[in-house]
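Please look through the sequence and the three-dimensional model shown here, and follow one part of the fold before turning to the chain as a whole.

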Amino acid sequence: MLQALGVSTDAAAVYRAMLDHPSHGVEQIARLCGLTPTQVHEGLDELGQLMLIRASSEYPGQLRAVDPDIGLADIVARQEAELAERQVQLAASRAAVSRIVADRAQQRSTHGERLHGMDAIHSRLERLGRDARAEIMSVQPGIQRPDDLDAAREHDLAALGRGIAMRTLYQDHARGHGHIAAYSHALLSQGGEVRTAPAIPQRMVIVDRAHALVPTDPADNRVGALHVREPGIVTALIELFEQAWTTAVPLGAAHPDDPSTGLTDHERELLRLLGTGLTDEAVGQRLGLTDRTIRRQVASIMERLGASSRFEAGIKAAQKGWL
């Protein structure tokens with residue numbers, strides 16, 4: 001049980017022995033646990049770093065085990081604080097990428113070019129696909145139109161036929177749209193890879209890790225796009241794509257709810273986004289859901305947790321290990 005908190009097997013055995021036999025010394029604990037005195041000392045060092053043992057007032061020169069209600073709860077609290085800090089860092093990274101792309105979209109330089117309208121975007125994608133030498137990565141939030149997919153199908157399949165690696169990322173709800181499923185299976189049949197996730201980054205296409213197309217208006221990708229070639233921006237977009245890709249599920253794989261966690265992947269992402277301070281509207285845009293649906297799902301989670309507020313729900317979900 002303690003291994004889940006980062007405590008080694010030997011240290012956990014020493015900790016339990018100290019709780020059950022507070023007067024035992026190193027030699028007695030070693031015999032009781034089937035360890036050598038050296039292993040017991042190493043376990044004590046580990047427990048000391050985790051603040052699970054302290055100097056005994058009753059037995060001078062010995063150590064005592066801190067009550068689990070206090071010691072283990074403190075470990076969980078520290079882990080929660082580290083997780084929260086990491087989530088803040090990830091949110092800041094995403095915001096920084098968005099700011100960089102937005103700033104670059106305001107100007108045209110030798111490293112970027114504005115494209116106006118879907119015809120210009122399709123033309124540039126066709127040219128990049130034809131000239132690709134190794135890899136094409138794309139993120140497609142929302143639901144693509146059938147005519148957009150028809151325009152891309154021939155060129156994408158031709159690229160796959162030349163041995164170009166192709167990875168495409170959709171949101172989970174795209175699985176329920178026949179024209180997207182048909183297009184995705186066409187890519188899969190030729191060696192492409194397709195994955196889905198509850199929430200994904202903004203729309204982007206990256207070719208050979210040297211060219212990237214991003215919308216000039218994230219709310220309406222048909223207005224235009226920015227063709228970026230600046231290495232710093234392209235690298236940041238690649239890292240954003242790879243982060244999302246590693247947590248996404250391959251198309252065709254099941255999306256089972258894990259009963260041991262009490263949350264689906266979708267609900268876990270919902271709580272994570274709300275925890276970053278986003279409004280229901282902003283979360284809905286990320287997940288492709290209405291405000292009403294977001295409120296209904298949050299209410300369902302709160303009911304399961306017996307929480308009277310969203311803040312309390314977040315605390316209880318963390319305590320249960322759901323996040």
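In this predicted model, Gln 140 stands opposite Tyr 170, a residue of strand 5. The two residues belong to a pairing in which strand 4 and strand 5, the latter covering residues 165-171, run in the parallel sense and are joined over six bridges. To get from strand 4 to strand 5, the chain passes through helix 6, which spans residues 146-161, and the resulting β-α-β crossover is right-handed.

Strand 4 also pairs with strand 7, which consists of residues 204-207, and here the two strands run antiparallel and are joined by four bridges. Within this second pairing, Ser 138 stands opposite Val 205 of strand 7.

How many of the residues of strand 4 are buried? Strand 4 covers residues 135-140, and six of its six residues are buried, where buried means that under 20% of the relative accessible area remains. Both faces of the strand are covered, with Glu 135, Met 137 and Val 139 buried on one side, and Ile 136, Ser 138 and Gln 140 buried on the other.

Turning to the chain as a whole, it contains twelve helices and ten strands, and 39% of its 323 residues are buried. Among the contacts in the chain with a separation of 6 or more, 68% are between residues that lie 24 or more positions apart. The accessible surface of the chain comes to about 17300 Å², and carbon and sulfur atoms account for 53% of that surface.

Note on methods: Residues numbered from 1 in each chain as written. Predicted model: local features only at pLDDT ≥ 70, side-chain atom pairs only at ≥ 80, totals over all residues. Heavy atoms only, no water. Buried < 20%, exposed > 50% of the residue type's maximum accessible area, 1.4 Å probe, protein only. Contact = heavy atoms within 4.5 Å. Areas by Shrake-Rupley, 256 points an atom, 1.4 Å probe, with all protein chains shown as cover. Pairing = 2+ DSSP bridges. Right-handed = clockwise from strand over helix to strand, strands pointing away.
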